[in-house]
Amino acid sequence: MSLVKLIDFREIADTRGALVALEGGNEIPFEIRRVYYLYQLSNSFHRGFHAHRKLEQVAVCLSGSCSFLLDDGLNRQTLKLASPAQGLRIEPMVWHEMFDFSSDCVLMVIASEHYDESDYIRDYEQFVKEAANA
Ligand code: TYD
């Protein structure tokens, strides 16, 4: 089973440009409770290094590109996001890291819950333990 679950958004494009609309429960497979975005990213650092116990997320690279590493405790996959018309699902209990940010990268993340630090697993060994028991 692939860890990489991409959603292709419908692009409404004409000679004026392109538009993508994202609705909770439609293009985004959960009700949206939070949106955050990362920008002015340094290419020298990786970010993320955590998994969530319950949170559902969809990441969209609105500008530029970046890479993701996804890990479910057994398998690892990497991919590059480089289109504002494509979303990457980050499901619960998937360890994720982001890296290789282009200088113009704007990474938006749509989330199913408000920020809750208790939902994070930030220790990889702890993640592998919890993933094995899930
Ligand atoms: P962090 O988890 O380190 O970001 P990343 O996963 O991209 O490496 O978050 C950086 C800081 O931002 C940390 O202090 C928590 C805070 N934060 C919020 O307050 N609200 C949020 O929705 C998010 C995602 C982070």
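This section describes a sheet, an aromatic cluster and a surface patch in a predicted model.

The sheet is open and has five strands. Their order is 8-7-10-5-12, and the pairing is antiparallel. Strand 8 (76-81) and strand 12 (120-121) form the edges, each pairing on one side only. Strands of a sheet pair through backbone hydrogen bonds, either parallel or antiparallel. Within this sheet, strand 7 (residues 66-71) and strand 10 (residues 95-99) run antiparallel and are joined by five bridges. One residue pair can be named here: Phe-68 has Met-98 of strand 10 as its bridge partner.

Strand 10 also contributes to the aromatic contacts, through Trp-95. Across the whole structure, the search finds five aromatic pairs. One of them is formed by Trp-95 and Tyr-124. The geometry of this pair is edge-to-face. The ring centres lie 5.1 Å apart, with 80° between the planes. The contact links distant parts of the chain. Trp-95 belongs to strand 10, whereas Tyr-124 belongs to helix 1 (residues 124-133), and the two are 29 residues apart.

The two partners can be set side by side by their accessibility. Trp-95 has a relative accessibility of 3%, so this residue counts as buried, the cut-off being under 20%. Tyr-124 stands at 28% and therefore counts as partly exposed.

Tyr-124 has a further ring contact, with Phe-127. The centres of these rings are 5.9 Å apart and the planes meet at 45°, so the pair is tilted. An edge-to-face assignment would need planes over 60 degrees apart, and a stacked one under 30. Both residues lie in helix 1. Because Tyr-124 and Phe-127 are three residues apart there, about one helical turn separates them. Phe-127 has a relative accessible area of 0% and is therefore buried.

Taken together, ring pairs link Trp-95, Tyr-124 and Phe-127 into a cluster. Strand 10 supplies Trp-95 to this cluster, and helix 1 supplies Tyr-124 and Phe-127. Trp-95 is buried, as is Phe-127, while Tyr-124 is partly exposed.

Elsewhere, the surface carries a nonpolar patch. Its members are Ile-32, Val-35, Tyr-37 and Tyr-39. Together they present about 400 Å² of accessible area. Ile-32 is located in the loop between strand 3 (17-19) and strand 4 (34-38). With a relative accessibility of 34%, Ile-32 counts as partly exposed. This value meets the accessibility criterion for a patch, because patch residues need over 30%.

Key. Residues numbered from 1 in each chain as written. Predicted model: local features only at pLDDT ≥ 70, side-chain atom pairs only at ≥ 80, totals over all residues. Heavy atoms only, no water. Pairing = 2+ DSSP bridges. Helix = DSSP H or I, 4+ residues; strand = E, 2+ residues; numbered from the N terminus. Phe/Tyr/Trp six-rings, centres within 6.5 Å; stacked < 30°, edge-to-face > 60°. Buried < 20%, exposed > 50% of the residue type's maximum accessible area, 1.4 Å probe, protein only. Patch = residues over 30% accessible without salt bridge, like charges linked within 9 Å, V, L, I, M, F, W, Y side chains within 5 Å. Areas by Shrake-Rupley, 256 points an atom, 1.4 Å probe, with all protein chains shown as cover. Salt bridge = Lys/Arg side-chain N within 4 Å of Asp/Glu carboxyl O.
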